[in-house]
Amino acid sequence: MLTGRDGTLAEARAALVRADGAVLIGPAGVGRTALARAVVADLPPRLFATVWITATEASKEVPFGALGRLLTGGHPALHPALVHSTVLTSLVERCGPARTPVLVVDDAHLLDGPSAGVLLGLVQARAARALLTVRSGVPVPDAVVALWKDVGLSRLVVPALTEAEVGALAAERLAGPVSRSTTHLLWQWTGGLPHLAVALLDHGQEIGSLARDSDQWRWRAGLAVPAQVADLLDRELDRVGRTGEEALAAMALGGPLPLPVAEAAASPELLADLEQLGMVRSEERGDEVLVRLRDPMLGAAVRRRMSPARRRRIAATLLTGARQAAPRGSHAVARALWAVHAGQPVDPPELVRSAGLCLYADPAASEQLARRAWQEGGGASAAVALSAALAEQGRAVEAYETLRTAERDADASGDPTARVTVGVALAAHRLWVGRVPRQAYDHLRRLRADADAAGRAELAALGVLVQLFSGDPARALASARQLLGESLPRGARLRVTLASVAALVLTGRTEEAVRVGRTVVEAVERSGSSAMPQIRGMAGAALALAELWRQPTPTGPVTDPAAGRWPLPPDPLVSGLSPTAWPLFDGYARRVSGDRAGAISRLRDAVAQQAGGNGMFRAEATGWLAVTLAEDGRPDEADAVLREHPVDAVALVPGLRPWALAAVAAATGRRVRAGELMDEAIVVAHGSGSWLVELGYLIYAAHLDPVAGPTRYADRIAEALVHVDAERLVAAGRAVIALAQRDPTVILEHAHRLVDMNMTGEALKVAGEVGRRAGVTDTVRLAVDLRARLRSTVRDDPARVAGLTARERQVAGLAARGLSDREIAEALVLSVRTVQTHLGRAYRKLAVTSRRDLSDALRPAG
């Protein structure tokens, strides 16, 4: 597979056909050999003949060793002065006098000096053309260098694949789309090296780590090294010797190491050699230099060869080298893990802190640290940390039993602080894992009676979250404001303030939410890396949620690609992976902007991530995905998502379930039922004080029926606008009011306003109504032009772009799903003739002639 190599392939082929040849240079595993084979495979056979030579470590030790197959007399007995002419004669015999020899030398950096000299002479004399593959970062014979520096062979760098190219390679190999998170993992795990990616894809399928999930392939486990890759990496490790492998083992065990710590495990000279070989790389991060392995695959191979004794010895060496640096952030996690590996004592509180720091990025390491803390007498805090790590790995029963054991221990000891610590964790478990908010709230109330002031503050802080995630933001906001007026521990204050930011957004006060959110983010940043990553991540997510409705292109939170369930600040020191966009927020933001394809892909990731462990946003992921699929003309898929992942009682956004069901009903032509469900969602949102959500539902409901909807909902939208300052949503609401007023010029102005706010999907809905409300006028022509421009830049419903009316869309959609004219008539309470009339108009607008073509015509492009 030569994904992403088309340009290099064309350049190399042109260099061979029109000039003396080319050199393909790149790191090990980048696919130089495969590319060379592809280059010569398409050369005209009547003009060119290929002779392939592979240089090896063994041939490098023998003069003219690489040219052995071209030396007919046997090179040991041949005088060096005769080698050039002998090779030339052999080439003519092999290729014939009418064809130009193309000498392909694979791994030309391993050529012995005499062979390299002969090669240089042949190309200089124009006796042959050459195509060489050379590994970057290693010594190369002078004669080979002269081929591109002096003779003029094209030097073509073959880089590692980009993330998008790895995704394309995976999709081709798997014959289907691959989730964005899986693509990101494959790219980082393999360093963009094609042969590693292909091997990992095949191995993942074989062991079940890579599986088809709905319409996407998804990686569901940790990194596993395929046997064939392990063999290659073992040979590579054997070449660096024992001391080199010791240095690599330190980085495999410790992750990215600060330079002073790395130099404690290996000399600066050895590190420089390993960097030149491309096995390690260094980078500046802030005020320090970090040294890391080339890619996680190499780290997994090194750890596979590491015996328990070696692990203990290396961990002790790393600890010694790190003693001079004050523990902070994820460096503290590494130190704690090294101490565990080395069998050295660590204070349980330090183990608990470290377990929390790596909970989402590496839950297995978090479990190891928390379990050691519990064994060392860490008490309630250690039990809570262990339970969290178990829950994050999907081991909910073990997590619950751990907390029950800790609860019994706390009761036996009579320690009120321990009872509150464990009680809060049990309530959180009932909320996030058990998905029963009422049980969580009742548990908190029972605990309050025996708690001291600090304990009551912690219980009240969690109580605000229970209210918020029970779909009651107005009540949560009132409780938060009351608590913030009291004396609270720092952690509780942060959590309550974050809850208030989310509640402010949902109740429509986004300007205040942004102001409070920025204050929280600044406070967390000032606290340094000692703040728990989930608090830092949620601070960024809360601020992003507030800014989503105020800025056309909000900056969203990021996450660790191996976890993804929780927004995390960028910190590659824990997992060794660079962050990616948080799928939940990224998917929703794309939906708001009109990018349905991107939204569906990212929200599928979010549903899979939120389905396990502490899935705080499970309902949002499911609901948003179902709505977007239904809008995309895929109601069966939306219905399947809702059946497999029901929207339960733990939801930040009130009214999610009826909204999702309404979207499915609308997509299947049940307009009356869709309207009833949207009215239910609107009532739920109104009752919870969620003005922003209510406004969104009113706008959605108005577009379900472009004829009567805007008029029906205009007054209620105007009332909601008074309470909402979210600029993007306000623009969409005012556009619906303009539709109700039926002035095409004003409607078109609102469509352009929506484009400016990066709400292309809403703009298309509005612009699509102009033509239906007026004759052929300049305004209508402008609306048609606007729709065409938007269609060229964003994926959208072809039915809307083609100008189908609401009824035509319904009829065409049902026909595309296989319903007969009579079945459609019965479903929509129409006559068969009326159905046929609408269907005929839809055919003309979509430029199709039969039902067979409708499905493709109605599926959005992209």
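Begin with helices α28 and α30 of this predicted model, where α28 passes α30 in a left-handed crossing. Select residues 583-593 for α28, then find the place where its axis and that of α30 come within 11 Å, crossing at roughly 30°. Two packed helices are described by the angle between their axes and the distance between the axes.

Which residues make this contact between α28 and α30? Display L584, Y588 and R591 from α28; facing them in α30 are E620, A621, W624, V627, T628 and E631. Sorted by class, the contact of α28 with α30 comprises five nonpolar, one polar and three charged residues.

Remain on α30 and select E631, which is placed in this helix of residues 618-631. Is E631 buried or exposed? E631 counts as buried because its relative accessible area, 16%, falls under the 20% limit. Leaving aside residues up to four places away in sequence, E631 touches R591, R596, Y700 and K765.

For contrast, select another glutamate, E172, in helix α7 (residues 163-174). E172 has a relative accessible area of 48% and is therefore partly exposed. Add T3 to the selection: although E172 and T3 are 169 residues apart along the chain, their C-alpha atoms are separated by 8.8 Å.

The next stop is an open sheet of five strands. Colour the strands in the order β2-β3-β4-β1-β5; their pairing is parallel. At the edges are β2 (48-54) and β5 (154-157), each of which pairs on one side only. From one strand to the next, the twist averages 15°. Strands of a sheet pair through backbone hydrogen bonds, either parallel or antiparallel.

Within this sheet, select β3 (residues 100-106) and β4 (residues 129-135), which run parallel and are joined by four bridges. Centre the view on L103, which stands opposite A130 in β4.

Move next to β1 (21-26). Its connection to β4 consists of six bridges, with the two strands running parallel; V23 has L132 as its bridge partner in β4. Towards β5, β1 pairs in the parallel sense over four bridges, and the bridge partner of I25 in β5 is V157.

Why is β1 described as largely enclosed by the rest of the structure? The description applies because six of the six residues of β1 are buried. Inspect the two faces separately: G21, V23 and I25 are on one side, A22, L24 and G26 are on the other, and all are buried. Now show helix α1 (residues 6-18), which lies across β1, β2, β3, β4 and β5 and runs at about 150° to β1.

The final stop is the nonpolar interior. In soluble globular proteins, nonpolar side chains tend to be buried together. The largest nonpolar core has 132 residues; select L468, F469, W549, W659, Y697 and I717, the members that touch the most others. Which residues does F469 touch, residues up to four places away in sequence not being counted? Its contacts are W432, M616, F617, A649, V650, A651 and L652. Apart from this core lies another, of 99 residues, whose members include V30, W217, A252 and A355. Selecting those four residues completes the tour.

Key: Residues numbered from 1 in each chain as written. Predicted model: local features only at pLDDT ≥ 70, side-chain atom pairs only at ≥ 80, totals over all residues. Heavy atoms only, no water. Core = buried A, V, L, I, M, F, W, Y, C linked by side-chain atoms within 4.5 Å. Buried < 20%, exposed > 50% of the residue type's maximum accessible area, 1.4 Å probe, protein only. Contact = heavy atoms within 4.5 Å. Axes fitted to C-alpha atoms, helices over the stretch in contact; angles between N-to-C directions. Left-handed = near helix turned anticlockwise from the far one by under 90°. Nonpolar A, V, L, I, M, F, W, Y, C, P; charged D, E, K, R; others polar. Pairing = 2+ DSSP bridges.
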